Amino acid sequence: MRPPAPKVPSAASSSSHSQREPRPENPLLLLPSSRFTKLSLGCPLLDRLLCGGLPAASVTEIAGESASGKTQLCLQLALLAPLSPLSASSLFLHSDLPFPLHRLRRLAPKSRPDILDHVLVAAAHSPTDLLSLLARAQRLLANPGRSPHRLPIRLILLDSIASLFRGDFDASPADLRRRSALFFQISAKLKELAYRHQCVVVVTNQVVDVVEGDAGNTVAWSSGRRLSPALGIAWANCVNTRLFLTREVEGNGTSGSARRWMKVAFAPHLPEQSCEFVIRRDGVFGVEPER
Amino acid sequence: MGDQSGSRNGPQQKYVSGAQNAWDMFSDELSQKHITTGSGDLNDILGGGIHCKEVTEIGGVPGVGKTQLGIQLAINVQIPVECGGLGGKAVYIDTEGSFMVERVYQIAEGCIRDILEHFPHSHEKSSSVQKQLQPERFLADIYYFRICSYTEQIAVINYMEKFLREHKDVRIVIIDSVTFHFRQDFEDLALRTRVLSGLSLKLMKIAKTYNLAVVLLNQVTTKFTEGSFQLTLALGDSWSHSCTNRLILHWNGNERYAHLDKSPSLPVASAPYAVTGKGIRDAVSSNHKRARVT
């Protein structure tokens with residue numbers, strides 16, 4: 001018995017949604033056919049780690065140090081989405097200036113110059129900026145009337161979440177509460193977009209050295225330091241899946257070569273495993289384990 | 001064969017012949033009202049499993065296995081009566097989007113494999129049991145509500161009484177997680193407390209009225225007390241006092257542990273458990289354990 005195609009919820013407005021009697025869904029009808037509801041990373045080894053790719057209707061975080069491959073992965077995903085069975089445009093929200101357009105162009109396949117037409121870019125410089133952009137994205141996804149040649153947006157990338165919270169917040173209890181409340185507002189909005197429009201949502205995050213007050217947050221060794229994703233355990237509660245990019249330096253300092261790993265820190269559907277990877281000019285690719 | 005069959009049908013024979021005394025009947029009835037977690041050690045500290053007619057809160061840090069346990073319970077509640085289960089259905093209210101159907105399928109497969117291992121002749125029994133032991137059936141018997149805001153959460157919980165009146169075979173209601181949408185900027189904190197209290201009363205009521213288990217998964221936050229940071233359940237002061245039982249999932253080094261922190265009838269206790277490819281199991285099991293990556 002082959003399950004019916006996944007039922008995509010209608011893009012009803014929240015007010016009419018709440019007026020209707022709540023209706024349960026049958027999980028059997030939500031069984032993903034991984035060909036259509038996961039976004040491949042463009043590498044069979046990394047896809048194997050993720051059981052087929054990045055899931056739709058879910059928020060995946062990629063955390064790591066600077067130059068660990070986070071932005072590279074996002075650019076790669078934006079270019080893969082139109083070509084994949086997902087057949088989607090992407091919305092790329094960036095908080096660091098400027099948007100890396102040159103890198104995107106260099107990554108784009110020369111045989112498909114139109115691919116860049118399916119990457120929508122917007123800048124967000126503060127949490128309120130981002131919430132405003134997400135509200136506009138909600139309207140855009142609900143009414144995609146214009147641009148009939150553009151593929152539907154089914155990939156949302158946010159690079160990075162930590163940058164949004166650099167300024168404007170101090171360590172007072174009131175500000176910590178305000179900041180934390182914003183985490184949950186942003187997460188709820190991202191998750192609603194992911195669910196209602198069956199989007200793959202990817203958020204990058206920076207890392208900080210482990211401090212005493214961060215009990216319960218993810219910890220990993222990278223570059224000889226104990227690191228945790230930024231924004232603490234509050235933000236860790238806001239993502240469904242956390243991927244940690246780590247680096248292991250061999251030899252002495254800069255003369256040694258680095259090995260990179262993508263680790264599943266947590267996910268509701270994946271075992272906690274890892275895959276070695278390299279960053280090449282043409283993208284991020286997994287490395288076959290040594291025999 | 002006759003003897004084997006006879007011994008396997010022992011409880012039924014006792015019922016039929018009327019040989020079972022009242023105490024045994026009472027014990028059997030009580031045991032039928034527990035939902036196994038999949039881990040014997042965890043069941044032991046819970047007095048047999050998750051209890052019907054009670055609200056149980058399960059808290060823990062991200063990645064420790066709260067959703068895994070929630071899914072496992074939604075599957076285990078469906079174990080057929082003939083195989084020692086409740087044969088009920090589940091309501092799963094998902095506020096975070098962590099209910100991944102492919103994982104639910106894996107856990108259902110693992111549960112069925114264990115049933116067939118412990119009850120080797122289940123497939124030879126009545127056709128209804130045979131039909132029940134399919135992962136697709138386990139998935140279809142979960143009523144899944146995905147909510148995206150606290151107003152939707154209030155609406156679903158308000159609707160539960162009517163829903164359960166029309167679906168009398170539901171034996172567990174799981175909310176994963178119960179506080180996520182209430183951790184956003186709530187302008188009126190007193191209103192939030194009143195809303196949460198109202199929800200908890202409704203949940204306690206449906207647990208008792210419809211003889212089902214209510215399981216509330218909760219997030220963990222840090223609180224600065226007595227000069228150091230402590231992990232505590234989210235919105236604890238305005239929420240946790242309403243739960244009958246509280247179970248804290250935590251890491252002890254690289255091992256997962258569950259600590260029974262609050263219960264009216266059981267002692268405070270801890271037990272190890274594991275998240276395996278098949279779902280929640282004992283930590284010492286030979287299954288491939290999901291070791292924590294460090």
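**Exercise 1. The largest cavity**

Which helix supplies the largest share of the lining of the largest cavity? Work through the cavities of this predicted model to find out.

*Solution.*
Step 1. Start with the search for empty space. Rolling a probe the size of a water molecule over the atoms shows where empty space is left. In this structure, 3 cavities reach 30 Å³ or more, and the volume of the largest cavity is about 300 Å³.

Step 2. List the wall. The largest cavity has 23 lining residues. Those nearest its centre are Phe266(A), Pro62(B), Gly63(B), Lys66(B) and Thr67(B), so look at both chains when you inspect this spot on screen.

Step 3. Assign the lining to elements. Helix α5 (residues 66-76) of chain B gives the largest share, with 3 residues.

Step 4. Sort the lining by class. You should arrive at 9 nonpolar, 8 polar and 6 charged residues.

**Exercise 2. Two chains side by side**

Set out the secondary structure, burial, contacts and surface of chain A and chain B.

*Solution.*
Step 1. Take the secondary structure. Chain A has 9 helices and 14 strands, while chain B has 11 helices and 13 strands.

Step 2. Turn to burial. Of the 291 residues in chain A, 55% are buried; of the 294 residues in chain B, 52% are buried.

Step 3. Check the contacts with a separation of 6 or more. In chain A, 67% of them join residues 24 or more positions apart. For chain B the share is also 67%.

Step 4. Finish with the accessible surface. Chain A exposes about 13,100 Å², with 53% belonging to carbon and sulfur atoms. Chain B exposes about 12,600 Å², and carbon and sulfur atoms supply 52% of that area.

**Exercise 3. Aromatic pairs**

Classify the ring pair Phe92(A) and Phe99(A), then do the Phe99(B) and Tyr144(B) pair.

*Solution.*
Step 1. Count the pairs. Over all chains there are 10 aromatic pairs.

Step 2. Take the chain A pair. The ring centres of Phe92(A) and Phe99(A) are 5.0 Å apart, with 80 degrees between the planes. Planes over 60 degrees apart count as edge-to-face, and that is the class of this pair. Phe92(A) and Phe99(A) are both buried.

Step 3. Now take the chain B pair. The centres of Phe99(B) and Tyr144(B) lie 4.6 Å apart and their planes meet at 20 degrees, so this pair is stacked.

Step 4. Place this pair along the chain. Phe99(B) sits in the loop between β4 (89-94) and α6 of chain B, and Tyr144(B) in strand β5 (residues 142-146) of chain B. With these positions 45 residues apart, the pair links distant parts of the chain.

Step 5. Check burial against the cut-off of under 20%. Phe99(B), at 5% relative accessibility, is buried, and Tyr144(B), at 4%, is buried as well.

Step 6. Look for a cluster. Ring pairs connect Tyr143(B), Phe145(B), Tyr159(B) and Phe163(B).

**Exercise 4. A charged residue in a helix**

Is Asp114(B) buried or exposed, and which residues does it touch?

*Solution.*
Step 1. Locate the residue. Asp114(B) belongs to helix α6 (residues 101-118) of chain B.

Step 2. Read its accessibility. Asp114(B) has a relative accessible area of 16%, so it counts as buried.

Step 3. Find its partners. Leaving aside residues up to four places away in sequence, Asp114(B) touches Lys278(B) and Arg281(B).

**Exercise 5. Backbone exceptions**

Find where the backbone has cis peptide bonds and positive phi values outside glycine.

*Solution.*
Step 1. Recall the usual case. Most residues other than glycine have a negative phi, and most peptide bonds are trans.

Step 2. Pick out the cis bonds. One joins Asp159(A) and Ser160(A), with omega about 0 degrees; Ser160(A) lies in the loop between β6 (153-159) and α8 (173-196) of chain A. Another joins Asp176(B) and Ser177(B), with omega about -15 degrees; Ser177(B) lies in the loop between β6 (170-176) and α10 (189-209) of chain B.

Step 3. Pick out the positive phi values. Gln198(A) has a phi of about 50 degrees and is in the loop between α8 and β7 (200-205) of chain A. Lys53(B) has a phi near 70 degrees and is in the loop between β2 (50-51) and β3 (55-60) of chain B.

Step 4. Add accessibility. Gln198(A), at 15%, is buried, whereas Lys53(B), at 39%, is partly exposed.

Methods. Residues are numbered from 1 along each chain as its sequence is written. Chains are lettered from A and ligands numbered from 1 in the order in which they are written. This is a predicted model: local features need pLDDT of at least 70, side-chain atom pairs count only at pLDDT 80 or more; totals for chains, interfaces and linings use all residues. Side-chain values use heavy atoms; hydrogens and water are left out. On a 1 Å grid over the protein atoms alone, a cavity is a set of points where a 1.4 Å probe fits but cannot get out, and a pocket is an open set with protein on both sides within 12 Å along at least five of seven lines; lining residues have an atom within 4 Å of a point. Grid points are joined across faces, edges and corners, and a volume is the space filled by probe spheres set on the points. Helices (H or I, at least four residues) and strands (E, at least two) are DSSP runs, numbered from the N terminus. Ala, Val, Leu, Ile, Met, Phe, Trp, Tyr, Cys and Pro count as nonpolar, Asp, Glu, Lys and Arg as charged, and the others, Gly among them, as polar. Buried means under 20% relative accessible area, exposed over 50%, partly exposed in between (1.4 Å probe, protein chains only). Contact means heavy atoms within 4.5 Å. Accessible areas come from the Shrake-Rupley method with a 1.4 Å probe; for residues, only the protein chains shown count as cover. Rings of Phe, Tyr and Trp (its six-membered ring) pair if their centres lie within 6.5 Å; planes under 30 degrees apart count as stacked, over 60 as edge-to-face and the rest as tilted.
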